[in-house]
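Visitor: Could you walk me through this model at an easy pace? I would like to ask about it piece by piece.

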Amino acid sequence: MFDCSAATTAPPDHIGCLCHRPEIRYIAERVKLGFSRRTFMTGVAAMVTGVGLGTTASAQLQSPPPAPARPILFTNIRLFDGTSPTLREGVKVLVEGNRIKSVEDGGAPAEALTIDGAGGVLMPGLIDAHTHLAFSTIPLAVALTADPSYLALRSARAAGDFLMQGFTTARDVGGPVFALKRAIDDGTIVGPRIWPAGAMISQTSGHGDFRTVHDLPREDGDRLHFSERSGAAAIADGVDEVLRRTREQLFQGASQIKVMAGGGVTSDHDPLDSTQYTEAELRAAVEAAAGWNTYVTVHAYTPKAIRLAIAAGVKCIEHGHLADEDSARLMAEKSIWWSLQPFLDDEDAAPFPEGSPQRFSQMQVISGTDTAFELAKKHGVKTAFGTDTLFSERIAARQGAQLAKLIRWHAPAEVLKMATADNAELLALSGPRSPYTGKLGVIEADALADLLLVGGDPLADISLIADRNNLKVIMKDGRIYKNTL
């Protein structure tokens, strides 16, 4: 079977909505000086279409394992089915093809291949509801200067590493991952299922505007910026442009649309407190997505940005760490999803210099994290888990550790439910635009066979999820990618 091991070697980098690091301007200017415009633009465009190398240096560039010739029966297990707060004992789980055939205590076909779980816990594959696979692990300097072929190879390896941390599904909320998804789905490389949003739609000077002041002013008829041509972002001002850019993502196969509705932490040109897009512009994206029977999610931190987005008809708020009582209550009343990340001032925080504007904004967000999780729980807001890792090999290798942090606000069973059944419910908002047919996030008859076998009980010790060595079996779509039993 295909197996992977961990080896973290990269230095600390950073995490979060880090779209506008100051180094971008400096490196871009230096590169422009040394290369022709065509070479520079081609190289960076190809760069942005790649994704990074996970430091855990695991999944190699190979095709997925073949589909099992026989049914697979999991025995001697305890079962976390994705929804129940307790484990089920004495059951067997039978997998046929890419589906769960049965969950029962009875027999199994004589030809079934039996996997003895050694008393471990069988659970659904994990889902990361806020990822940027194209940017998660590539350091900015590498992303702006490396050969496109090198970046493409790192992209494939990063996708495999994502899967080998037990995350069988990624909801990608911004970046050029259509080609990556295709390569995974057709068996060219190993990686998770991907729900892609495509380019992040941003107003001028919004959180998805990667340009420098040297790229202004933009004149009618100008070529798109390289970040737009590569599919990283789509700058749109006014209803007509928002409609066009939204439809372009749907054209390419977006399962949901991502719009920047407020400021970010490291942005040089959009303060954290800024509210972006008018209600009419946001509603244009919502209506275009609704025409395709899917939805819009928005990047927003402040109550004002949250309320404006909800008024425009969005279905999900990404981040929202500065939400207040009223905006949290509104999310609950309108059945809006709240995609939260455990941003804390810890080893996973971006290393901004003390006294810098970025550090000030970062601390504002961090100071709201506890309140945000508490408000979501108090008002019963539908809450999703995501990591939002960017530009850091080291942090990308800590997906499970970031999930385990939720024990600060939730019981272990609630944490695992959020990363399985709840996140799967959010994915289902894509309706017919969902790229995969079948139910995820649960272990029940006819659900898709995305499964993990954990050595130990994560409901008693959630930290087991933080160490991939505790994942004894990883199955995606009925295929076994890891089996150490």
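What follows is a short run of questions and answers on this model.

Guide: Before we start, this is a predicted model, with local features needing pLDDT of at least 70, side-chain atom pairs counting only at pLDDT 80 or more, and totals for chains, interfaces and linings using all residues. Residues are numbered from 1 along each chain as its sequence is written, and side-chain values use heavy atoms, leaving out hydrogens and water.

Visitor: How many helices and strands are there in the protein chain?

Guide: Helices (H or I, at least four residues) and strands (E, at least two) are DSSP runs, numbered from the N terminus. Counted that way, the protein chain has 14 helices and 20 strands.

Visitor: What percentage of the residues in the protein chain is buried?

Guide: Buried means under 20% relative accessible area, exposed over 50%, and partly exposed in between, with a 1.4 Å probe and protein chains only. For the 485 residues of the protein chain, the buried share is 61%.

Visitor: Which strands stand at the edges of the sheet S8-S9-S10?

Guide: This is an open sheet of three strands with parallel pairing; two strands pair if DSSP finds at least two bridges between them. S8 and strand S9 (residues 167–172) are joined by four bridges, and Leu126 has Phe167 as its bridge partner in S9. Two strands each have a single partner strand, so one side of each is left without a neighbour in the sheet: strand S8 (126–131) and strand S10 (193–196).

Visitor: Which helix lies across S8, S9 and S10?

Guide: Axes are lines fitted to C-alpha atoms, for helices over the stretch in contact, and angles run from 0 to 180 degrees between N-to-C directions. Contact means heavy atoms within 4.5 Å. The helix runs at about 50 degrees to S8 and spans residues 412–427: helix H14.

Visitor: Which are the edge strands of the sheet S3-S2-S7-S18-S19-S20?

Guide: Here six strands form an open sheet with mixed pairing. Within this sheet, strand S18 (residues 451–454) and strand S19 (residues 471–476) run antiparallel and are joined by four bridges, with Val454 partnered by Leu471. Pairing on one side only are strand S3 (88–89) and strand S20 (479–483).

Visitor: Which residues of helix H9 are buried, and what covers them?

Guide: Helix H9 spans residues 303–312, and its buried residues are Pro303, Ala305, Ile306, Ala309, Ile310 and Ala312. Their cover includes helix H8 (279–291), strand S14 (296–300), strand S15 (316–319) and H10.

Visitor: How do H8 and H9 cross, and is the crossing left-handed or right-handed?

Guide: The axes of H8 and H9 come within 8 Å and cross at roughly 50 degrees. That makes H8 oblique to H9: angles under 35 degrees count as roughly parallel, over 145 as roughly antiparallel, 65 to 115 as roughly perpendicular and the rest as oblique. A crossing is left-handed if the near helix is turned anticlockwise from the far one by less than a right angle, and right-handed if clockwise. For H8 passing H9, the crossing is right-handed.

Visitor: Which residues make the contact between H10 and H11?

Guide: The axes of helix H10 (residues 325–333) and helix H11 (residues 357–379) come within 9 Å and cross at roughly 45 degrees. That makes H10 oblique to H11. The contact is made by Glu325, Ala328, Arg329 and Ala332 of H10, together with Leu375, Lys378 and His379 of H11.
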